[in-house]
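Let's take a walk through this structure, one side-chain interaction at a time. Keep the viewer open and follow along.

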Amino acid sequence: MNFTDLFIKKPVLAVVVSLLILVLGLRAVSSLTVRQYPKTQNATVTISTAYYGADAQTIAGFITQPLEQAISQAQGIDYLSSSSVQGVSTITATLRLNYDANRALTEITTQVNSVKNQLPPQAQQPVLNVQTGETVDAMYMGFYSDVLPTNNITDYLARVVKPKLDSIDGVQTAELLGARQFALRAWLDPAKMAAHGITASDVNAALASNNYLAAVGSSKGQAVTVDLTTDSNLHSVEEFKQLAIKQVNGAIVRLQDVATVSLGSESYDFNVAFSGKRSVFIGIKVAPDANVLDVAKRVREAFPDIQSQLPSGLTGKIVYDGTEFVNSSITEVVKTLVEALLIVTLVIFLFLGSLRAVIIPVIAMPLSLIGTFFVMLALGYSINLLTLLALVLAIGLVVDDAIIVVENVDRHMKDEGKTPLQAALLAARELGGPILAMTVVLIAVYVPIGFQKGLTGALFSEFAFTLAGAVTVSAVIALTLSPMMASKFFRNEQESGRFVQFIDRQFDRLHRGYRRMLHNTLSTSSVVIVMAGLLLLATFALGMTSKSELAPEEDQGIVVGQLVGAPNVTAQQMNVYATQMFDLAKTLPEYQQMFQLTGVPTVNQGIGGVLLKPWDQRHRSAHELQQVLQQKWNGIAGGKVAAFQFPPLPGASGLPIQVVITTTEPFQNLNEVATEVLQKAQASGKFYFIDSDLKVDKPQSTVSLDRDMITTLGLTQQDVGAALGSALGGGYVNYFSISGRSYKVIPQVLQVDRLNPKQVLDYYIRVPDGAVIPAATVAKITH
């Protein structure tokens with residue numbers, strides 16, 4: 001007895017097998033996570049080292065270079081990239097796809113620790129940060145006010161809003177973007193300091209010594225112990241104003257006598273705007289194993305409560321929600337899936353002409369797809385665009401198995417006069433081998449896709465094995481449920497209406513015509529062979545000349561603009577460029593809102609995103625609007641703007657085309673080659689925006705020291721460098737606390753006293769005998 005006879009003669013067994021597939025599939029649907037694309041671990045480790053006041057060349061030679069040499073010895077790194085700018089070294093280690101980020105972080109930390117003693121003693125400790133997953137946050141929220149300063153907004157968000165968002169299940173971190181943390185700013189006045197005989201080094205020393213966090217201990221008596229504390233540290237702006245710097249001729253010189261003391265911000269080099277209003281953003285990073293759609297839903301549910309508790313005058317809105325595009329994409333694929341099921345059902349009915357015959361493939365199709373969800377769960381997959389695409393393609397494959405069973409049963413009944421049971425037994429026996437062979441062939445076609453390496457393999461392995469799983473489940477149903485249903489549902493006299501008879505007559509005519517054409521073709525086989533050869537050659541030629549890409553560009557409802565200013569541009573001028581970008585973008589009929597960040601990652605760079613109206617409310621695509629915006633932004637004088645869209649697949653970042661030029665020669669030589677490459681690329685006319693991240697054209701002045709004079713006055717190079725660094729560097733001395741939180745104390749000369757390099761020579765330096773001399777005595781400015 002053929003094994004298919006068992007399921008036909010014992011219908012309960014066939015029903016139990018199908019119900020088991022149904023139950024397991026339905027249970028798997030509720031357990032599968034929903035993503036835009038299959039999970040890939042694209043991890044980066046960023047090493048940031050601050051050296052306040054240091055120029056880019058010093059940063060590159062004394063911090064970036066030794067750290068890079070050490071970090072490159074760690075395992076799992078795909079490539080290293082670094083930037084050395086004024087005051088900061090940033091090294092980014094991009095890990096190999098799906099490499100364990102925690103393991104890499106441990107190895108990189110070890111390598112960084114091995115060269116810490118080679119770094120300048122004035123440099124801050126390197127800070128390591130690992131980021132796993134997408135570089136773009138899943139959501140951005142903007143908070144702005146017409147009455148509250150940015151540092152007040154930042155402080156409230158850090159104290160109240162961020163902890164609430166961090167506690168939401170699935171949120172990896174809620175990061176503050178454009179945050180201006182409170183800082184005690186002592187704006188030094190060189191003229192007043194000179195009048196009192198005070199130098200910037202004196203102020204630094206006084207702040208370090210008199211804002212001291214003491215740990216006194218406790219008293220311990222025979223029966224009672226008392227904890228002791230001291231007020232050696234300062235807690236308010238007024239206390240800092242009264243801080244004694246020095247005693248001169250019996251009078252105490254206080255900080256307020258030589259500086260303007262205020263509660264300001266750590267940095268003023270960046271700005272964040274939402275639809276033209278200065279704001280602070282919170283970006284939501286989703287945990288790698290979390291369902292991004294569920295996390296976004298939970299954040300949206302929590303956001304109204306956050307809004308209701310905001311202080312008067314502070315407004316918060318969700319600026320960008322990446323899940324809107326994900327939901328739209330998945331909805332479209334599900335819609336396509338349903339449409340495919342309906343169309344296939346209609347076609348089957350039209351050509352079989354029997355409702356009883358149609359019922360079998362109509363049940364087999366969704367059952368096969370539902371059973372595939374269990375295969376996806378067992379393999380650790382998710383519901384994403386690629387697995388849903390596999391299910392759409394699988395509809396045409398899984399229905400074939402049921403159709404050939406139905407047609408073969410129908411043939412035995414009509415041509416041989418068999419009963420439904422006899423016809424089902426014969427049909428299933430005849431098709432057992434062919435169905436298994438067809439299933440194996442289809443699996444052999446798709447499975448190799450899943451064994452590819454790199455990003456392609458990581459993304460499309462779920463597509464391939466989902467499709468293979470659907471075909472396998474379909475074969476099981478075709479050999480168990482379909483023949484059993486045919487034996488029960490079919491009747492000895494199948495219904496045959498006029499329309500079905502008409503279809504049969506047309507197919508008979510088509511069959512006869514095809515036989516005549518086939519006979520004529522075989523009589524001239526040489527022509528067929530030549531034509532086949534020409535088609536084969538044409539296919540090869542067309543394949544070689546066709547354009548290729550991993551994935552087409554998707555309309556994600558946003559156009560991003562990257563802004564680059566001149567190397568010596570100020571934060572204020574960058575804000576002017578950003579305002580011009582906003583004014584041009586809001587003139588588009590498709591404009592909805594815009595967010596902008598300037599001064600990130602360096603002062604002369606910025607990025608903004610134009611959010612477009614929903615897809616059903618506009619007629620132009622994001623690609624068309626990208627070109628329109630590029631043309632508009634090209635008219636901004638002094639600033640270069642590149643309009644682009646987010647990459648369609650995960651794992652990519654930055655501009656679409658990036659070229660790396662390497663050399664062991666000096667940066668000046670490299671810059672000459674890079675400039676020549678840029679000129680040729682620009683002349684090709686194929687690029688809207690071209691730029692190099694190597695900037696050696698920023699104007700720089702050198703404070704040249706008279707070493708003999710320094711020695712004559714009893715000073716050292718360190719004395720002069722420390723005095724000038726204390727005045728200009730902008731580094732923090734220590735911390736002070738307000739309401740249980742600590743903030744930096746930063747002394748620095750006023751902006752009006754550092755508008756140009758020559759003003760540096762007016763700063764004063766203390767000599768060993770206690771007198772103060774202007775820096776011009778021992779230094780001069782060279783350009």
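## Salt bridges, rings and a few single residues

Scan the whole structure for salt bridges and you get 13 of them. Keep in mind as we go that this is a predicted model.

Start with Asp-5 and Arg-429, whose side chains meet in a salt bridge with an N to O distance of 2.5 Å. Asp-5 sits in helix 1 (residues 3-9) and Arg-429 in helix 14 (residues 420-446), so this pair ties together parts of the chain that are 424 residues apart in sequence. What about burial at the two ends? Asp-5 is buried, at 0% relative accessible area, while Arg-429 is partly exposed at 38%.

Now for a bridge within one helix. Glu-107 forms a salt bridge with Arg-103, and the closest N and O atoms are 3.5 Å apart. Both residues lie in helix 4 (residues 101-114), 4 residues apart, which is about one turn of the helix. Glu-107 is partly exposed, with 22% relative accessibility. The cut-off for buried is under 20%, so Glu-107 at 22% falls in the partly exposed class. Arg-103 is partly exposed too, at 46%.

One more bridge is worth a look: the side chains of Glu-590 and Arg-620 meet at 2.9 Å, N to O. Here the pair links distant parts of the chain, 30 residues apart. Glu-590 is in the loop between helix 18 (571-585) and strand 17 (591-598), and Arg-620 is in the loop between strand 18 (605-612) and helix 19 (622-633). Glu-590 counts as buried at 8% relative accessibility, whereas Arg-620 is partly exposed at 29%.

On to the rings. How many aromatic pairs does a search of the whole structure find? The search turns up 13. Take Tyr-144 and Phe-274: their ring centres are 5.8 Å apart and their planes meet at 45°, so the pair is tilted. Tyr-144 belongs to strand 5 (residues 139-145) and Phe-274 to strand 13 (residues 271-274), so the two rings tie together parts that are 130 residues apart in sequence. Tyr-144 is buried, with a relative accessible area of 11%, and Phe-274 is buried as well, at 3%.

Compare that with the rings of Phe-240 and Phe-736. Their centres are 5.4 Å apart and their planes are at 80°, so this pair is edge-to-face. Phe-240 lies in helix 8 (residues 237-241) and Phe-736 in strand 21 (residues 734-738), so the pair ties together parts that are 496 residues apart in sequence. Both ends are buried: Phe-240 has 0% relative accessibility and Phe-736 has 2%. Rings can also join up beyond a single pair, and ring pairs link Tyr-140, Phe-281, Tyr-320 and Phe-595 into a cluster.

Next, zoom in on two single residues. Thr-323 is in helix 11 (residues 323-352) and is buried, with a relative accessible area of 4%. Its side chain makes a polar contact of 2.5 Å with the side chain of Asp-321. If you leave aside neighbours within four places in sequence, Thr-323 is in contact with Ala-138, Val-292, Leu-293 and Ala-296.

Val-253 is found in strand 11 (residues 251-254), and at 3% relative accessible area Val-253 is buried. What does Val-253 touch, leaving aside neighbours within four places in sequence? The contacts are His-196, Ile-198, Leu-243, Ala-244, Ile-245, Lys-246, Val-248 and Val-258. For a C-alpha distance to check in your viewer, try Val-253 and Gly-197: the two atoms are separated by 9.7 Å, with the residues 56 apart along the chain.

Finish on the surface. Ile-657, Val-659, Ile-661, Val-673, Val-677 and Phe-687 form a nonpolar patch there, and together they have about 520 Å² of accessible area. One of these, Ile-661, is in the loop between strand 19 (640-644) and helix 20 (667-684). Ile-661 is partly exposed, with a relative accessible area of 33%. Patch members need over 30% relative accessible area, so Ile-661 at 33% passes that cut-off.

Definitions and conventions: Residues numbered from 1 in each chain as written. Predicted model: local features only at pLDDT ≥ 70, side-chain atom pairs only at ≥ 80, totals over all residues. Heavy atoms only, no water. Phe/Tyr/Trp six-rings, centres within 6.5 Å; stacked < 30°, edge-to-face > 60°. Helix = DSSP H or I, 4+ residues; strand = E, 2+ residues; numbered from the N terminus. Buried < 20%, exposed > 50% of the residue type's maximum accessible area, 1.4 Å probe, protein only. Patch = residues over 30% accessible without salt bridge, like charges linked within 9 Å, V, L, I, M, F, W, Y side chains within 5 Å. Areas by Shrake-Rupley, 256 points an atom, 1.4 Å probe, with all protein chains shown as cover. Salt bridge = Lys/Arg side-chain N within 4 Å of Asp/Glu carboxyl O. Contact = heavy atoms within 4.5 Å. Polar contact = N/O pair within 3.5 Å; in protein donor to acceptor, adjacent residues only side chain to side chain.
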